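Got the viewer open and the cartoon switched on? Let's walk through this one stop by stop, with a selection to make at each.

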Amino acid sequence: KTFISVGIVFFVLTMNSCQCNRASENNAQQAIQTKTEAKIQVAILLDTSNSMDGLIDQAKSRLWNIVNTLTTLKYKGGEPQIEIALYEYGNNALSPQSGYIRQITPLTTDLDLISEMLFALKTFGGSEYCGAVISDATNKLDWGNQPSDMKLIYIAGNEPFTQGKVNYRTAISGALEKDIYINTIHCGDDSWGDAGSWRDAANRGKGKFFNINHDEKVRYYDTPYDTRISECNEKLNDTYISYGSVGIAKKESQMKQDDNAKSISSANLTERAVSKTKKVYDNKSWDLVDKAKESVTALDEVAEAELPAELQNKTKEEVKAIVVQKDKERSALQKEISSLAKKRQEYIDEQVKKDAGKTGDDLGKAISQSVIELAQVKGYVTEK
């Protein structure tokens, strides 16, 4: 009997220990998931009717600033995955059957693709159906389903929110069921924003309402740090090693998006360079250096035929050594850009204080300011 009692006690203690270990493992796993699964998903719905050229220009001008704002957000110590989607609506060159709506990109981490598509936009005609485009984005984009996910729709335009067969109230209710906040950016006279139900739509969607002058030129600040950041950016591009069927085209696109950013302003190119130092600028689908960070065997998964011509006759060890060297070069350049970026931002903040009240709202400011406010509701914190 004594032997049986001791055995039972040992069994119970062992089971308790196992349960504690499993609980500890589960907690640790949950902590890992919290850090890796949180998403910030932003769908930008742009009116591309005839009168919206200024809005498109602002979107081009502010893309990288918006990205850099998103990267300051952290969730329980982790860096959330950032995905952006683009829609256009109100363009009569689009299909009438679609309601003059086009999903330009799905929710994606491919920031160069977002830039490429933005710079390809053209305006034409005008039949703007806000309810329909919100409904389309709500139902056709791949939204996350974790409590930690922050899901935002930004719709910008100038015609009444009430147009079209899809009632905007119904569309917004559908979005809220998926925990998607609706933010509205009215372009034009403030009184029309109220009369056209843009403010009401934001209120119903638990988001923010903005009224902007979409024809206003975005104001930039040249700083003493821009030239060096640009030089580092050029060297940074040389650390990318393309592979696979899309590698060459994607590397060319990377250079093209630099040119596109620079065509707006040198400050815009600088903002893009800063974005390239962030985790969100991930090109593992075509760059060997980013690919190698997936796992210790990631490079072994790349067939020799997928490598660039200059690497195809090298051994796997030689290829890995080249990738490691490029990674070191990239890390050093990113570190320098990040350091210069902090000084640059301090300089800009001082200039903004001096110019207080001299600059109006624009698309980028509206999105960046509201993202920070809405992030706090979801438990995100801002780290610079």
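Start in the loop between β3 and β4, and pick out Tyr100 there. Keep in mind as you click around that this is a predicted model. The phi angle of Tyr100 is near 60°, a positive value in a residue that isn't glycine. Is Tyr100 buried or exposed? Its relative accessible area is 17%, so Tyr100 counts as buried.

Now hop to the loop between β2 (73-74) and β3, where you'll find Lys76. Lys76 also has a positive phi without being a glycine, with a value near 50°. Colour by accessibility here: Lys76 is exposed, at a relative accessible area of 58%.

Zoom out for a moment. The protein chain holds 13 helices and 8 strands. Of its 384 residues, 48% are buried. Take the contacts in the chain with a separation of 6 or more: 79% of them link residues 24 or more positions apart.

**The sheet**

Next, select the open sheet of 6 strands. Reading across, the order is β4-β3-β1-β5-β6-β7, and the pairing is mixed. Which strands sit at the edges? They are β4 (101-108) and β7 (206-212), each of which pairs on one side only. Ignoring direction, neighbouring strands in this sheet are turned by 15° against each other on average.

Helix α2 (residues 53-70) is a good thing to show now. α2 packs on the sheet and touches β1 (39-47), β3 (81-89), β5 (150-157), β6 and β7. Compare directions and you'll get about 175° between α2 and β1. Add helix α13 (residues 363-377), which packs on the sheet too, touching β1, β5, β6 and β7. The direction of α13 makes about 155° with that of β5.

**Strand β6**

Hide the helices and focus on β6, residues 180-187. On one side, β6 pairs with β5 in the parallel sense over 7 bridges. To see one of the residue pairs, select Lys151, whose bridge partner in β6 is Ile180. β6 also runs parallel to β7, joined to that strand by 5 bridges. Here, select His186 and look across to Asn211, its bridge partner in β7.

How many of the residues of β6 are buried? The count is 8 of 8. Show the side chains and check both faces: Ile180, Ile182, Thr184 and His186 are buried on one side, and Tyr181, Asn183, Ile185 and Cys187 are buried on the other.

**A pair of helices**

For the last stop, bring the helices back and select α4 (residues 130-140) together with α5 (residues 168-177). Two packed helices are described by the angle between their axes and the distance between the axes. In this pair the axes come within 8 Å and cross at roughly 20°. α4 and α5 are therefore roughly parallel to each other, since angles under 35 degrees count that way. The crossing, as α4 passes α5, is left-handed.

Turn on sticks to see who makes the contact. From α4 come Gly131, Ile134, Ser135 and Thr138, and from α5 come Tyr168, Ala171, Ile172, Gly174 and Ala175. Colour these by class and you'll find 5 nonpolar and 4 polar residues, with no charged ones in the contact of α4 with α5.

Definitions and conventions:
Residues are numbered from 1 along each chain as its sequence is written. This is a predicted model: local features need pLDDT of at least 70, side-chain atom pairs count only at pLDDT 80 or more; totals for chains, interfaces and linings use all residues. Side-chain values use heavy atoms; hydrogens and water are left out. Axes are lines fitted to C-alpha atoms, for helices over the stretch in contact, and angles run from 0 to 180 degrees between N-to-C directions. Helices (H or I, at least four residues) and strands (E, at least two) are DSSP runs, numbered from the N terminus. Angles under 35 degrees count as roughly parallel, over 145 as roughly antiparallel, 65 to 115 as roughly perpendicular and the rest as oblique. A crossing is left-handed if the near helix is turned anticlockwise from the far one by less than a right angle, and right-handed if clockwise. Contact means heavy atoms within 4.5 Å. Ala, Val, Leu, Ile, Met, Phe, Trp, Tyr, Cys and Pro count as nonpolar, Asp, Glu, Lys and Arg as charged, and the others, Gly among them, as polar. Two strands pair if DSSP finds at least two bridges between them. Buried means under 20% relative accessible area, exposed over 50%, partly exposed in between (1.4 Å probe, protein chains only).
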